[in-house]
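Welcome! Please take a look at the sequence and the structure below, and then let us walk through the ligand sites together.

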Amino acid sequence: MRNHLIFLLAVLVLMSIVLVSCSKDEATSPTNEFETRPYTLVMPSNMPAPILPQDNPLTYEGIALGKALFFEKMMSKDGTVSCGSCHNQGNAFTDNDKKFSEGIEGKIGDRNSMPIFNMFYHTKGFFWDGRAKLLRDQSLGPIENPLEMGETLENVMNKLQAESKYRNLFYKAFGDSTVSSLKMSLAMEQFMLTFVSGNSKFDKVERSEAQFTMSELRGKELFFTEFETSGGARGADCFHCHATADFSNHEFMNNGLDSESEFTDLGRAMFTKRPTDNAKFKTPSLRNVAVSGPYMHDGRFATLTEVIEHYNSGIKESPTLDVNIHGIKDGMNLTEQEKLDLIAFLNTLTDEVYLNNQEYKESN
Ligand code: HEC
Ligand code: HEC
């Protein structure tokens, strides 16, 4: 029995030596011992702890690979489009003023690009309809989308495998220079999880490092107060859905953009096939909203003024209209000053630290 065990152990040790030396041979720079350094997300003190995936710990090497992939145009069929083409940092990683994003060969998509930050709070799914459960699932979607990058995963993997730069980056991140779609998705997930936004004026006020103007303060009160028709406190009811420190519950809701006969994009229902999900879309975070226009899943509103007017007087009834918005369906009658106050408050959510963070920029 004991001899057996010793033999087994010896075999195991031998096997691991062989394995380690194999993967070493594959590495382009054999001087690099495989060792990753853990990366700690630094959260501003007023923000809740991030919910990070247990099975994909952040490492400097994983993030570096994810970043290279994010800005890699080889990921698209004709080498013209990277993730970064439709996700610009200066616009909270949305598309610069475009209603619909442009993919390969100038093809136009059918939805507005979404902002990327604080992804670790999104526990209900990704995309406007939530069809990707995890961020890593999401990250492979655009590659094969014919309107976005239009490439097959297999071709992308072959192209990356042929480059010593990528063999090296994959080795450093995962101890194995073989490119795989799983590793690609894990690395991109890691990179996107490092985008933290929690240093806007709003956050500074929360931390007693700054003060609101009177207009911003009135806007904040409107935002966080219930709308009451019966002459009670006067609010604009935004906080129901744009809740929590991330200004979103990340749930799928219908905020009254269209009546039933006008539904063109069924949103969440395209994925769940449930009519009760018709025209429900992921509630976007309102952080950095001043720089992420145009607004809504189809980019129908160019300015925040138009968005406020929608909530003030444009809510359309339909069977899936959210209950929290029912109260304002007949209009809120906000004064011009109140509308300006709400916008002033929304403008305090712009986070220059995140928008300019060098760590998220394409490396040379
Ligand atoms: C052609 C433009 C385009 C390209 C290229 C593109 N995206 Fe997007 N991205 C979009 C659009 C449009 C949406 C919303 C799509 C939808 O809901 O159907 C989106 C959604 C997302 C989301 C969801 C955010 C959320 O809150 O749910 C993430 C994350 C994201 N993209 C990351 C990436 C990554 C990573 C890549 C590269 C592999 C990429 N994108 C390539 C346009 C693009
Ligand atoms: C019932 C939930 C709900 C309430 C209440 C609500 N919203 Fe929204 N909001 C949403 C949803 C859902 C979307 C995305 C809808 C879509 O794109 O189809 C959205 C989108 C937005 C957008 C566009 C963001 C972007 O990135 O495109 C802004 C700005 C916004 N809301 C501000 C507000 C303000 C200000 C209030 C209060 C006056 C408010 N919302 C009240 C659910 C809500």
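## Around ligand 2

Which residues are the closest to ligand 2, and how many surround it? In this predicted model, ligand 2 is surrounded by 24 residues, and the closest are C238, C241, H242, H297 and Y311. Sorted by class, this shell holds 17 nonpolar, four polar and three charged residues.

Ligand 2 takes up the space of the largest cavity. Two elements, β2 (281–282) and α11, give two or more residues each to the shell around ligand 2. The biggest contributor is α11, with four residues.

## The iron atom

Let us turn to the metal. On the protein side, the iron atom of ligand 2 has two donors, H242 through NE2 and Y311 through OH, at 1.9 to 2.1 Å. H242 sits in the loop between α9 (214–224) and β1 (252–253), while Y311 belongs to helix α11 (residues 304–313), so this pair ties together parts that are 69 residues apart in sequence.

Why does the arrangement around the iron atom of ligand 2 count as octahedral? The six donor atoms subtend angles of 86 to 179 degrees at the iron, which makes it so. For reference, ideal angles for six octahedral donors are 90 or 180 degrees.

## Polar contacts of ligand 2

The two protein donors appear again here. An N or O atom in the side chain of H242 is 2.8 Å from a nitrogen atom of ligand 2, and an N or O atom in the side chain of Y311 is 2.7 Å from a nitrogen atom of ligand 2. H297 takes part through its backbone: one of its polar backbone atoms is 2.6 Å from an oxygen atom of ligand 2.

## Around ligand 1

Now for the other ligand. Ligand 1 occupies the space of the largest pocket. It is surrounded by 29 residues, with C83, C86, H87, F127 and W128 the closest. Its shell comprises 15 nonpolar, nine polar and five charged residues.

Helices α3 (83–86), α4 (135–144) and α7 (181–193) each supply at least two residues of the shell around ligand 1. The largest share comes from α4, which gives four residues.

## Polar contacts of ligand 1

Which atoms of H87 and ligand 1 lie 2.8 Å apart? They are a polar side-chain atom of H87 and a nitrogen atom of the ligand. Oxygen atoms of ligand 1 also have partners: a backbone N or O atom of F127 lies 2.7 Å from an oxygen atom of ligand 1, and an N or O atom in the side chain of K282 is 2.9 Å from an oxygen atom of ligand 1.

Key
Residues numbered from 1 in each chain as written. Chains lettered and ligands numbered in written order. Predicted model: local features only at pLDDT ≥ 70, side-chain atom pairs only at ≥ 80, totals over all residues. Heavy atoms only, no water. Near = heavy atom within 4 Å. Polar contact = N/O pair within 3.5 Å; in protein donor to acceptor, adjacent residues only side chain to side chain. 1 Å grid on protein atoms, 1.4 Å probe; cavity = no way out; pocket = protein on both sides within 12 Å on 5 of 7 lines; lining within 4 Å. Sits in = over half its atoms within 2 Å of the grid points. Nonpolar A, V, L, I, M, F, W, Y, C, P; charged D, E, K, R; others polar. Donors = N, O, S within 2.8 Å, 3.2 Å for Na, K, Ca; no water. Tetrahedral: all angles 85-135°; square planar, octahedral: opposite > 155°, others 65-115°.
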